[in-house]
Amino acid sequence: MRASKMMLMLAGVAAATLMAAPAFADTATGAKALARSYKTKPPYSPIHFPVEWTGVWKYTGPNRFDPDAKVLPDPSNSGSIAPVEDPPYNAENMAKWHERKRQNALGIVKDDPTAFCTLPGMPRAMTGTYSLEFLMTPGQVTTITEWMNQVRRIYTDGRSQPDDPDYTYNGHSIGHWENDTLVVDTVAINWKDTIFDASGTFHSDAMKINERIRLLDSGLLEDVITVIDPKVFTRPWMVRKTYKRFQPDYEVGEYSCAENNRYEIGPDGAVNAVLKPQPTK
Amino acid sequence: MKKTLVVTILAASAYFVVPAYAHHSFAMFDRTADKVLSNAIVKELEWTNPHTWLEVLVTNPDGTVVEWGLECGPINSAKNHGWTKRTFSPGDKIPTLTIHPLKDGRPGGQFVKAVLANGKIVEY
């Protein structure tokens, strides 16, 4: 009895929804409803972007920050990707980097927090692996990095950087259009827990990132990334990344890193595998 | 123009020797050595992120049974290599299973290649 009453109620709700649906098909009514959903007026103008590249993109080139950097030989085949040329570290931080590079040569990248499922953050979100999805909506460009399910929001509604931003993995990004180029500035990037790539290159809390993203005539999407960090670098560090479109049938997979992360810090300080208990007789 | 070409070739050659995925370093595995496990029986294929894992049981000459944990690719990469969640099922026999063993000697490693009874080869 109670169940059938519930069914009736559900049917009623469904009918009401169906009746309401045609009203939203009317553009004018839909726009009014949309406007009413804001407490104040929408924070953006009706024309939001001159070029549109919503869709799923594939990183081209190697999975590291500087795609042109030659990497050191890796005789132990450990996955080390230390660049031959050093990043533009100042004297103090070059020493720290060289120690990290020495560990790299041993294959010990114990300073890569993503081994324990933290977000890659910026700029790694733009240089990762698998797919990079762009969603362009009024007032905001959103990227979804398939690796780690990382969502990044770039505000294009004209707001400025916060006066005292919280430090986060992605930092705080605002964007504006210069002709057909989306220019993005990012500040307040978590400096304790993010690195540039698996080589362990690090930055400070002063890091600012400028990106110039545009669609090339070739159909590639380009992101020219300039990193400015006066605390650790002697000059801006600039790289150019490109992405190509996935076929429309490509489905972005779920990536829940904590699902089955069988790694721990071993006795030597490096990441090691966690094995299952042996079968009992 | 010529310089651009050289840089491109360098970048391309580097791409193939560097593992596409860098969730963690591979230092825990001895990737310069192949170890062969004979007549392994599949216990489970963990179809999970950040890696899929193949758990197999191997009987030693003295009759003891050891469970080996083998790291395989993340789901996305595994799919790109033609794997599905049904590539290995519990009870499947793998006559010849090649791995990069853990350096510390524990029964685990990185999956390299399986040759099945019907001659089919599964690689990662």
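A pocket is an open set of grid points with protein on both sides within 12 Å along at least five of seven lines. In this predicted model, the second largest pocket takes up a volume of about 320 Å³. Its lining is made of 19 residues, and D66(A), A69(A), P83(A), E85(A) and W237(A) are the ones that lie nearest its centre. Sorted by class, that lining comes out as 9 nonpolar, 8 charged and 2 polar residues.

Now for the strands. Chain A has 9 of them that close into a barrel, going round in the order β1-β2-β3-β4-β5-β6-β7-β8-β9, with mixed pairing. From one strand to the next, the twist averages 30°.

The later part of the barrel can be followed pair by pair. Strand β6(A), residues 181–187, runs antiparallel to β7(A), residues 208–215, and 5 bridges hook the two up. Here V183(A) has R212(A) in β7(A) as its bridge partner. Next, β7(A) is joined to β8(A) by 8 bridges, again antiparallel, and E211(A) finds its bridge partner, I225(A), in β8(A). These two strands make a hairpin with 5 residues between them, and in the turn G219(A) has a positive phi of about 95°. Finally, β8(A), residues 221–228, pairs with β9(A), residues 237–245, in the antiparallel sense over 7 bridges; E222(A) has T242(A) in β9(A) as its bridge partner.

How confident is the predictor in all this? Chain A averages a pLDDT of 85, and 82% of the residues score at least 70. Over residues 13–25 of chain A, though, the pLDDT is below 50, and this stretch has 3 contacts in the model beyond near neighbours in sequence.

Key:
Residues numbered from 1 in each chain as written. Chains lettered and ligands numbered in written order. Predicted model: local features only at pLDDT ≥ 70, side-chain atom pairs only at ≥ 80, totals over all residues. Heavy atoms only, no water. 1 Å grid on protein atoms, 1.4 Å probe; cavity = no way out; pocket = protein on both sides within 12 Å on 5 of 7 lines; lining within 4 Å. Points joined across faces, edges and corners; volume = space filled by probe spheres on them. Nonpolar A, V, L, I, M, F, W, Y, C, P; charged D, E, K, R; others polar. Pairing = 2+ DSSP bridges. Helix = DSSP H or I, 4+ residues; strand = E, 2+ residues; numbered from the N terminus. Axes fitted to C-alpha atoms, helices over the stretch in contact; angles between N-to-C directions. pLDDT = per-residue confidence, 0-100. Contact = heavy atoms within 4.5 Å.
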